[in-house]
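This report covers one residue and its surroundings, then the sheet and the helices that pack on it.

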Amino acid sequence: MKTLYLYLRDFSCEETEEEVLYTGTVGWYIQGEEDEEPVEGESHIVDLKSDLEEYQEGTRFNSTVLFLDDSYTLFVRESVPGRSVPQIRRALPFAVENYLSDDLENTHIAHGPISRGSAVDCVAIESEVLGNILQALKLSDLFPTVCTTLGMQIPRTDAEHDVHIVMNDESAWIRTTEQLALVNRDTLADAVTLLSGHRESVPAIKIWNFGEDDADFYDESMYETELFDNRGMSLVSFAVEHFSANDCVNLLQGQYSSRENKTVNVRRWIMTGIFGLVCLYAYIALQAAEGMWAMFKVNAVQDEMKAQFVEIYEEQPRGSNIAQQMRTRLGLAGDATREFDVLIERLAQVVSSPVHSPSIKSIRYSAVLKELSVEYRISDLEAMEDFIDSLKSNNKFTVTPGNVQTETENRVLASLKVSLK
């Protein structure tokens, strides 16, 4: 499986009476299996599809990570008081609004993990700009699974360094434990002095230089420096090397949530159940009718059901009773009552909320216990607790957490049960 990484800069969108014109330079980096050599290059944004075609092998990339140039975004690290995580989340946009030059309603604000008493990383971008970028990539059949900024791939400073800098001939990214900014090379010296000039000890700077010019912006007598000459590398390869989904803010939240999640979501489960029931009744009714017209309709419904089944489960149905197979996948018995509809609707509301991103692995319903059993994957334990708290926020429901298993550093497998009080 291959992962595609993109670094977009110099993007613009111009709409004429006849068409929409996109411009922009995209550095790309393709990472394959462990024994495969990575491939990288650079394209105009409208040429991406043709330039990448030979590397796709007839299929889409397994995942696509988009790094935006930080000139399109604003990074804010803000502490917001609140008694609960949902309360803090609701207040975040208004805290970030103080830093915006545009109206809040025209701005998309994404945030990182939220915990009580800790500052939250937020990234703001004009909604129109983000929408245009995603639309331009869509024309090349590219749908990012993660969208973040290049600056967020710069490691936070550690005990040995006060400032981290990534620079080329035109710009420089500056990162500390609390701040992240993109500045012109001409103002870099002043910016570094502002960030590190009020310390008792001599500030230590770590520099990655990707420009042709030397890193001579500072007075060597005023700083302790660690310099890496990266003039033989690309910025996108640097971003890939340091990329960790857990350490950056994914802009694909809310209305921009990734459309490439291959795990079946709750809304699709609901539609599957409804579709299966409707088709089942339609099938029975049509079978009872006589004549060629009825048989034609039966075949059409069967074909539609089969296509829907393959799209959802990525496998062919077994046998002719497709509707029953769909109902069996849901664990939905023939005597299921209104309780099922209420429980699945509540689960869908919480899972589809922009603040949650669990991947539903399985759903079972017990008509006897009137209880929904859910197995899901989520990024970490903090996100899991937040997810459970949101389900509990409605007093009509009882939520019982189940087993929890940490699969990888950024994935937890957990289960829970939801029932009506």
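## Thr107 and the sheet

The backbone oxygen of Asp103 lies 2.9 Å from a polar atom of the Thr107 side chain, where a polar contact is a pair of N or O atoms within 3.5 Å; within protein, one must be able to donate a hydrogen and the other to accept it, and residues adjacent in sequence count only if both atoms are side-chain atoms. The model is predicted: local features need pLDDT of at least 70, side-chain atom pairs count only at pLDDT 80 or more, and totals for chains, interfaces and linings use all residues. Residues are numbered from 1 along each chain as its sequence is written, and side-chain values use heavy atoms, with hydrogens and water left out.

Thr107 belongs to strand β6 (residues 107-111); strands (E, at least two residues) and helices (H or I, at least four) are DSSP runs numbered from the N terminus. Thr107 is buried, at 13% relative accessible area (buried is under 20%, exposed over 50%, partly exposed in between; 1.4 Å probe, protein chains only). Beyond its neighbours within four places in sequence, Thr107 contacts Leu100, Asp102, Ala124, Ile125 and Ser127 (heavy atoms within 4.5 Å).

An open, mixed sheet has five strands in the order β3-β2-β1-β4-β8; strands pair if DSSP finds at least two bridges between them. Its edge strands are β3 (39-44) and β8 (146-149). Strand β4 (residues 63-68) runs parallel to β8, joined by four bridges; one partner pair is Val65 and Val146.

Two helices lie on the sheet, with angles from 0 to 180 degrees between N-to-C directions of axes fitted to C-alpha atoms, for helices over the stretch in contact.

| Helix | Strands | Angle |
|---|---|---|
| α3 (residues 127-138) | β1, β2, β4, β8 | about 115° to β1 |
| α5 (residues 235-242) | β1, β2, β3, β4 | about 55° with β2 |
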